[in-house]
Amino acid sequence: MPKGVMSAHGSEVKVYVRTKPTACFAQELIEYVPDKQTVNVRYRRDTKKGVVNNQMSSWSFRLSGVLHNVSQEEVYQSVARSVVLRALEGYNGTIMCFGQTGAGKTYTMTGATESYRQRGIIPRAIQEVFREVEQRVDHTFSVHLSFLEIYNETLVDLLASIKGVRAAQGGALVVVEEPGGGVSVKGLSLHLVHNEEEALNLLFEGEMNRIIGEHALNKNSSRSHCIFTIHIESRSRTLSNASYVTSKLNLVDLAGSERLSKTGSEGQVQREALYINRSLSFLEQAIIALADRRREHVPFRQSKLTHALKDSLGGNCNTVLVANIYGEAAQIEETLSTLRFAARMKCVHTEPSVNEHVDPALQIRRLQKEVQLLKQELSIHDTLANRVGAMYENLSESQVEEINSQVQKYLAGTLDEITIVSIRQIQEVFAQFKKAVQEQEKWIKEHLSQGYSLVENTQSNLSSSAAKGQEPAGAVGEVEGGFGLGVAAPSQRHARPPSPSKSKGKKGKENNRKDGAGTSGPAEGAAVKQRETEVFTPIAEPEGTEAPHMSREGAKKKRDTPPSKIEAFEDFKMEQGSEINRILKENKAVLLERLDQLHKLTQAINSMKWDIDCMSSELQLHKEQRQSQGQFLSAEGEPVLEEAELSLIMSLREMKDRYRQTYEELLSTKAEVRYCQHLVDQCRTRLLTEFESWYNESFLLPDEVQDIFREGGPIRPGLIPLDKALTLRGSRPVPHSPDSRRNMGAGTNKLKLPAIFSVT
């Protein structure tokens, strides 16, 4: 699985220009600046036929280096050596030559066979690779070679004749996308080589299969694009991990662009020139799209050449371009076109990274071996520590049953402690404890539902209420259905008189509880949640209970007719909670004001950011146009800016200053919003907490439960759940199941239900 880590910063494509040696070098048209990076071109256009041409006649191109009158060795050291060395470290690399036909591209890439010193980049790169392989003894390398030709938009394997791969594949080579974002050629043969001699033999075999032609500018003109690729895989001899690195080194010899008026090509050579010029035109379009960062789509699929070089042009690769030009005045137009292409190529950025992979089979074997060694080490440690019965495998069913038995004995009190022998045993012990707690909770809930039930609309309830009060139909407290909440008929409902003060006295609360005046209408009662309308009523006590009849009757009546929480909450906000409610409303108003201000500032910042991006894009467009078409230079050597571009720069600076000021104001407003939101949350929490306490104390809890809270100290009725608070008044023992007695021990028979929910 590849897991290469991308570099923090992109790498700029390096571009070099190499001049073909000639005795007629046009010094008055081409000037090389002493910094060895700048080329100035002065071009006098033809003024025949009286046509006036006001276009710029002087251009300046700044590149990575100028190779003028240099040897093949100097070219390799300047251009290719660093890319080759980084390929051995796991980085992809590409070196390609571009230029007019006959300008020296094949000579730069392959060299001449007349002299050993005239070897090109490819033979020297092969020699460098195997020299480094011999020196890096701490790594083991495997090197494979492939040789691809693109002739008239057809992919050809130049090494297929060695093993008959072309016949096996049917001659169909296809460029396919890889999962990691790269590309590869399906069906292209890979050949393992062990030394420099084998690699050079394959290179010469492929060169013999290349298609060449003859025209006026070159007797041995390459009629196709060729990509010679060195595939390198490296594994460490010293590290025991299962990772390894791979890389591809693409050495590209592009066919030269041709102008038919100068080459005089006809027939098949002319047809080949059309394919070459078209593919180079598509290559230039892809370079222009890559250099423009505003472009989201790059047309790689327009030609086989751009698709095969997708990695090299803008992906995971260290890319170097050598622009080969003529130094003669007759070829100045093609020279200028090549330099413009080189300037555009220099604007392209790549993102090289180490292609690191993990061998799954080797990783599994390494982990298995490590597990086995750890088990042996633990076994030796247990033997030295006199530990018997240590378990490091998965627990069997019998072992799980044994642990369950120990846990049950420990809970019953017959076992003082459980001896720990392994981590797996500890995990299983905790699992058994959790299971016992869950069973106990389930049993408690079942018996709690038996001890306290919901008041339902049954015939016995209706008959008992009729027997007690002999109330006519439609009287106050008539049950309409569902839970036992009384709903008055429309003609018998009364409005609550307004309270003369903000808070009720204790006496008023007592009267409301005893009279059961807090009833809710049908609309409000239907909107209240079920858990808020459920009223727990104890089951009838057995005979002999000495609880006073009047107190039980009063408590039942008080819990049977509480008002809805919605209605009670509105009353609470107007009376006892009016001050907190007022502060909450004020804080909400301030929060809304700050949020509105924050929204306006955000819109303003987004608008300014959009303006800044537009100005930056327009400035970048001006800069790219100057770099691609050349630029005027002042006496000091500085580029001369147009008035529109200078005005745009000043506007951009002013807009950035405004953006910074508004952004600081935005941060300050965000801090105010967070503070106001905190105040609102505090007020809301306090309001709800005090309402719960007031509601429980006023309508839900019986008097004897409230007496418990008064004696208990700081605990108020709203601080614990209602169902737990109601259990405080009970003292009746609940029978236990046999399983629970066994789990809880002999003393569990004396446990009463209220003790489970005791408040400390």
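These are my notebook entries on confidence, one hairpin and one small sheet in a predicted model.

Entry 1, confidence. I looked up the pLDDT before anything else and found a mean of 75 for the protein chain, with 70% of its residues at 70 or more. I then turned to two weak stretches: over residues 1-9 the pLDDT stays under 50, and the model has 15 contacts for them beyond four places in sequence. Residues 730-760 are also below 50, with 42 contacts in the model beyond near neighbours in sequence. I note for myself that where pLDDT is low, the predicted coordinates should not be read in detail.

Entry 2, the hairpin. I followed strand S8, residues 139-151, into strand S9, residues 154-157, and found the two paired in the antiparallel sense over four bridges. Tyr-151 has Thr-154 of S9 as its bridge partner. Two residues lie between the strands of this hairpin, and I recorded a positive phi of about 50° for Asn-152 in the turn.

Entry 3, the sheet. I traced an open sheet of three strands in the order S3-S4-S5, with antiparallel pairing. Its edge strands are S3 (30-32) and S5 (58-62), each of which pairs on one side only. With direction ignored, neighbouring strands here are turned by 15° against each other on average. Between S4, residues 38-42, and S5 I found five bridges, the two strands running antiparallel, and Arg-42 stands opposite Ser-58 in S5.

Entry 4, the helix on the sheet. Which helix lies across S3, S4 and S5? I found H12, residues 332-346, which runs at about 40° to S5.

Technical notes. Residues numbered from 1 in each chain as written. Predicted model: local features only at pLDDT ≥ 70, side-chain atom pairs only at ≥ 80, totals over all residues. Heavy atoms only, no water. pLDDT = per-residue confidence, 0-100. Contact = heavy atoms within 4.5 Å. Pairing = 2+ DSSP bridges. Axes fitted to C-alpha atoms, helices over the stretch in contact; angles between N-to-C directions.
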